Amino acid sequence: MDNCIFCKIAHHEIGGKVLYEDDVCMAFLDLSQATNGHTLVIPKKHYDNVLNVDQQTLSHMMNVVQEIAKKLQNKLGALGFNVITNMNEIAGQSVHHFHIHIIPRYQEDEGFK
Ligand code: 5GP
Ligand code: ZN
């Protein structure tokens, strides 16, 4: 997709702090860190949102989410996580390339929603 920022990251046309990458997906730090370690997992292929990604890709991405969350737990001491995807503007989606947020939670961010 032309002009899709996450396609550009997936194809290494622009940089990102990449934590994990394989043929299907990529995990990188969100530019705007809601909390320390806030990570996005994206498919390399462009899908607009969670309803049109194929099940095999989605399932693979969830395995990656699990692995990344375990690493963030061990390395950053996260006590919990919000794992979310926003679909359409009404739900807060601003980048229309499917992505899953992994937001680590810590004692000191109790007020963060
Ligand atoms: P959404 O609001 O669509 O659920 O989430 C999009 C996320 O992408 C936001 O949290 C935003 O900070 C992040 N983001 C937007 N542009 C870039 C970028 O160029 N690089 C990175 N690493 N994150 C981005
Ligand atoms: Zn895209």
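Ligand 1 is surrounded by I5, G16, F28, L29, D30, L31, S32, N86, G92, Q93, S94 and V95. This shell divides into five nonpolar residues, six polar residues and one charged residue. The structure described here is a predicted model. The report turns next to the strands, then to helix α2 and its buried residues, and finally to some backbone angles.

## The strands

Strands β1 and β2 run antiparallel and are joined by three bridges. Together, β1 and β2 form a hairpin, with three residues between the two strands. Within this pairing, V18 stands opposite F28 of β2. F28 is also one of the residues around ligand 1.

Strand β5 takes part in two pairings described here. β3 pairs with β5 in the antiparallel sense, over three bridges, and V41 has I100 of β5 opposite to it. Strand β4, made up of residues 80-84, also runs antiparallel to β5, and five bridges join the two. Here the bridge partner of F81 is P104, in β5.

## Helix α2

Helix α2 covers residues 55-76 and has 22 residues. How far apart should its ends be? At 1.5 Å a residue, the helix should span 32 Å, and its end C-alpha atoms are 31 Å apart, which agrees.

Which residues of α2 are buried? They include M61, V64, I68 and L72. These residues cover an arc of only 80 degrees around the axis, which puts them on the same side of α2. The general rule is that an α-helix has 3.6 residues a turn, so residues three or four places apart point the same way.

The face turned away from the buried side has another character: it carries the exposed residues Q55, Q56, S59, N63, Q66, K70 and N74. The cover over the buried residues of α2 includes strands β1 (18-21), β2 (25-29), β3 (39-43) and β5 (100-105). Just after the helix, G77 takes a positive phi of about 75 degrees.

## Three buried residues

Burial is judged here by counting neighbours: a residue is buried if 20 or more other C-beta atoms lie within 10 Å of its own. The table gives the counts for three residues, two from helix α2 and one from strand β2.

| Residue | Element | Other C-beta atoms within 10 Å |
|---|---|---|
| A27 | strand β2 | 24 C-beta atoms, buried |
| M61 | helix α2 | 23 C-beta atoms, buried |
| V64 | helix α2 | 21 C-beta atoms, buried |

The contacts of these residues show how the helix and the strands meet. Leaving aside neighbours within four places in sequence, A27 is in contact with L19, Y20, T39, L40, V41, V64 and I68. Two of these partners, V64 and I68, are among the buried residues of α2.

Seen from the helix, V64 touches Y20, C25, A27 and V41, when residues up to four places away in sequence are not counted. On the same basis, M61 touches C25, V41, P43 and I100. V41 therefore appears in the contact lists of A27, V64 and M61.

Some separations in space may be set beside separations along the chain. The C-alpha atoms of V64 and M26 are separated by 8.7 Å, although the two residues are 38 residues apart along the chain. M61 and F6 are 55 residues apart along the chain, and their C-alpha atoms are separated by 15 Å. For A27 and F81, which are 54 residues apart in sequence, the distance from C-alpha to C-alpha is 16 Å.

## Positive phi angles in two loops

Most residues other than glycine have a negative phi. Two residues of this model depart from that pattern, and each lies in a loop.

What is the phi of H12? It is near 60 degrees, a positive value in a residue other than glycine. H12 is placed in the loop between α1 (5-10) and β1. Is H12 buried or exposed? With 11 other C-beta atoms within 10 Å, H12 is exposed.

The other case is N88, in the loop between β4 and β5. The phi of N88 is near 75 degrees, again a positive value in a residue other than glycine. N88 counts as exposed, with 11 C-beta neighbours inside 10 Å.

Key: Residues are numbered from 1 along each chain as its sequence is written. Chains are lettered from A and ligands numbered from 1 in the order in which they are written. This is a predicted model: local features need pLDDT of at least 70, side-chain atom pairs count only at pLDDT 80 or more; totals for chains, interfaces and linings use all residues. Helices (H or I, at least four residues) and strands (E, at least two) are DSSP runs, numbered from the N terminus. The expected span of a helix is 1.5 Å times one less than its number of residues. A residue is buried if 20 or more other C-beta atoms lie within 10 Å of its own, exposed if 12 or fewer, and partly exposed in between; C-beta atoms are placed from the backbone. The arc is that of the directions from the helix axis to the C-beta atoms. Two residues are in contact if their C-beta atoms, placed from the backbone, lie within 7 Å. A residue is near a molecule or strand if its C-beta atom, placed from the backbone, lies within 6 Å of it. Ala, Val, Leu, Ile, Met, Phe, Trp, Tyr, Cys and Pro count as nonpolar, Asp, Glu, Lys and Arg as charged, and the others, Gly among them, as polar. Two strands pair if DSSP finds at least two bridges between them.
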